[in-house]
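Student: I'd like a close look at one part of this protein, and then a walk outward from there. Could you take me through it in one go?

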Amino acid sequence: RDLVRSRGLGDVYKRQVSTQSTGSCFLDCPDMSPTVKPKAIIAPSMLSSDFAQLSAEAQRMVTFGADWLHMDIMDGHFVPNLTIGAPVIDSLRKHTTAFIDCHLMVTHPGQWIKDFVKAGANQITFHYEAVENPEELISEIKKQGVRVGLAIKPKTEVDEKVLKLAGMVDMVLVMTVEPGFGGQKFMADMMPKVRHLRQAYEHLDIQVDGGIGLDNIEESAKAGANVIVAGTSIFRAADPQQTIADLRQAVQNNQP
């Protein structure tokens, strides 16, 4: 990668950016307009769905306009909750062609990468706090031919190391609640992290996850988030399809 200067943030590594969930373009390619903003991506959190009807719930979300299906993988160790593993992703993949976004909240993410890739994950996001050598794991995930995301918990700052890693991945996930359980209250004080990342990487996919709904989507989008994970606010909405549309419109209207 070329080392380029980011305004006000010193030298950071710029990534090969994805303007959509598939396909990519370097920042300096001739058809990349400086006014092009990251695509709004709405990813319902399937943790809030009816797991007894997971394939039907997935199809319902896709029909309602979801871009991705967000799958929360928890091991009961890195976070105090236990959810699903690769076998469930494998079963779901047999019933959908949707983009499956796997968020690994596990202590040893590296040992599960091949299983999730084989199961059909399109993107694997691991936690910065869970590994000693994130660069090595990023490289390993890329070798498997899927997108890679880096997640940070609320107490993790966006320092120079995280900024550098952001230049190596397809997406950074800024948790807006403590990971482990759905239905928590949105932490607005995480927005400076999103803003910092967006200032450094104009075209990076930045995901927010935790307590996201129509009451705070504009705040998230204005900070620079373009990938929206929403569980309770979509699945418990009177009209989930309209909620997905409203979340998308808010992101499109409020990107910096």
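Student: Where does Lys185 lie?

Tutor: Keep in mind that this is a predicted model. Lys185 sits in the loop between β8 and α6, the helix that covers 191-200. It counts as exposed because its relative accessible area is 76%, and the cut-off for exposed is over 50%. Leaving aside neighbours within four places in sequence, Lys185 is in contact with Thr176 and Val177. There's also a pairing across the chain to look at: Lys185 and Ile212 are 27 residues apart in sequence, yet their C-alpha atoms are 8.4 Å apart in space.

Follow Val177 inward next. Val177 belongs to a core of 11 residues that is separate from the largest one, and Leu173, Met175 and Val227 are in that second core too. In the largest nonpolar core there are 72 residues, and Met71, Ile89, Phe116 and Ile124 touch the most other members. Take Ile89 as a way in: beyond its neighbours within four places in sequence, its contacts are Met71, Ile73, Ile84, Ile100, Cys102, Phe116, Ala119, Gly120 and Ala121. As a general point, nonpolar side chains in soluble globular proteins tend to be buried together.

Now go back to Met175, since it leads to a histidine. His127 is in strand β6, which runs over residues 123-127. With a relative accessibility of 0%, His127 counts as buried, because the cut-off is under 20%. Not counting residues within four places in sequence, His127 is in contact with Met175, and also with Phe78, His103, Leu104, Met105, Ala151, Ile152, Lys153 and Pro179. Its side chain has polar contacts on two fronts: one of 2.9 Å with the side chain of His103, and another of 2.9 Å with the side chain of Glu129.

His103 takes you on to Asp72. Asp72 lies in strand β4, residues 68-74. The side chains of Asp72 and His103 make a polar contact at 3.5 Å, and a further polar contact of 3.1 Å joins the side chains of Asp72 and His70. Here's the curious bit: Asp72 is buried but has no salt bridge, and the nearest side chain of opposite charge, Arg236, is 13 Å away. (Histidine isn't counted as charged in that tally.) Setting aside residues up to four places away in sequence, Asp72 touches Ser45, Leu47, Thr83, Ile84, His103, Met105 and Asp209. Two of those names have come up already: Ile84 is among the contacts of Ile89, and Met105 is among those of His127.

One more acidic residue is worth a stop. Asp170 is in the loop between α5 (160-166) and β8 (171-175). Asp170 counts as buried because its relative accessibility is 12%. Asp170 and Lys142 are 28 residues apart in sequence, with 9.8 Å between their C-alpha atoms.

Finally, zoom out. The protein has nine helices and 10 strands, and 54% of its 256 residues are buried. Among contacts between residues at least 6 apart in sequence, 65% join residues at least 24 apart. The exposed surface comes to about 11,600 Å², with carbon and sulfur atoms supplying 49% of it. Lys185, where we began, is one of the exposed residues.

Definitions and conventions:
Residues are numbered from 1 along each chain as its sequence is written. This is a predicted model: local features need pLDDT of at least 70, side-chain atom pairs count only at pLDDT 80 or more; totals for chains, interfaces and linings use all residues. Side-chain values use heavy atoms; hydrogens and water are left out. A nonpolar core is a set of buried Ala, Val, Leu, Ile, Met, Phe, Trp, Tyr and Cys residues joined through side-chain atoms within 4.5 Å. Buried means under 20% relative accessible area, exposed over 50%, partly exposed in between (1.4 Å probe, protein chains only). Contact means heavy atoms within 4.5 Å. Helices (H or I, at least four residues) and strands (E, at least two) are DSSP runs, numbered from the N terminus. Accessible areas come from the Shrake-Rupley method with a 1.4 Å probe; for residues, only the protein chains shown count as cover. A salt bridge is a side-chain nitrogen of Lys or Arg within 4 Å of a carboxyl oxygen of Asp or Glu. A polar contact is a pair of N or O atoms within 3.5 Å; within protein, one must be able to donate a hydrogen and the other to accept it, and residues adjacent in sequence count only if both atoms are side-chain atoms.
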